[in-house]
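This report concerns a ligand site and the pocket that belongs to it. Please consult the sequence and the structure shown below.

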Amino acid sequence: MSEGSDVADRPYAEPAVDLEDIDVDAPLVGIVMGSKSDMPAMEAAEKELTERGIRCEVRVMSAHREPDAVADYARNARMRGLRVIIAGAGLSAALPGVVAAHSDLPVIGVPLTSRTSVAGGLDALLSIAQMPPGVPVACVGVDGARNAAVLAARILGA
Ligand code: RP5
């Protein structure tokens, strides 16, 4: 730039985003479940993703008991860097569908068995698979958390 140029005299523009604030280790997959009692089954998803080197986070939040927390999590998921959400729930398993209602990220539902499941988890399987048109949830088999992680990896191309 030539000396005396008016461009050279302009101050540098302030960066819109402070680069130090960008978390390069942000998780790509969110693993959510309706109850702490779901953790033993859902840990298989975390294990599979970790073994594949895919960053993930784990949260317990119930679609029925904490609906606002679930909505907030789903609405902010893409902005936080998440690319896929795995949602496990038993009984009337609304969690994956509610997450999909509040986010356009791919949602993989994991129907879980619990103490009072009907027909070995068929209640949760149908609640997750039978979504209305326009609000898709992918559904793996009952207690199929590991497969949910494998599918998440394929969606990510990882
Ligand atoms: C669902 O109800 C949970 O996902 C869990 O599978 C089931 C039982 O929950 P807890 O009574 O163990 O909290 O909401």
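The text describes the ligand's surroundings, then the pocket.

The model is predicted: local features need pLDDT of at least 70 and side-chain atom pairs count only at pLDDT 80 or more, while totals for chains, interfaces and linings use all residues. Residues are numbered from 1 along each chain as its sequence is written, and side-chain values use heavy atoms, with hydrogens and water left out.

Around the ligand (a heavy atom within 4 Å) are Gly 34, Ser 35, Ser 37, Asp 38, Arg 65, Ala 89, Gly 90 and Leu 91. This shell comprises two nonpolar, four polar and two charged residues; Gly counts as polar. Polar contacts (pairs of N or O atoms within 3.5 Å) to ligand oxygen atoms are listed here.

| Residue | Protein atom | Distance to a ligand oxygen |
|---|---|---|
| Ser 37 | polar side-chain atom | 2.6 Å |
| Asp 38 | side-chain N or O | 2.6 Å |
| Gly 90 | backbone N or O | 3.0 Å |

On its own the ligand has 360 Å² of accessible area (Shrake-Rupley method, 1.4 Å probe), of which the protein covers 81%.

The ligand occupies the largest pocket, where more than half of its atoms lie within 2 Å of the grid points. A pocket is an open set of points on a 1 Å grid where a 1.4 Å probe fits, with protein on both sides within 12 Å along at least five of seven lines; lining residues have an atom within 4 Å of a point. The volume of the largest pocket, the space filled by probe spheres set on the points, is about 370 Å³. Its lining has 18 residues, with Gly 34, Ser 35, Arg 65, Gly 90 and Leu 91 nearest the centre. The lining divides into six nonpolar, nine polar and three charged residues.

Notes
Polar contact = N/O pair within 3.5 Å; in protein donor to acceptor, adjacent residues only side chain to side chain.
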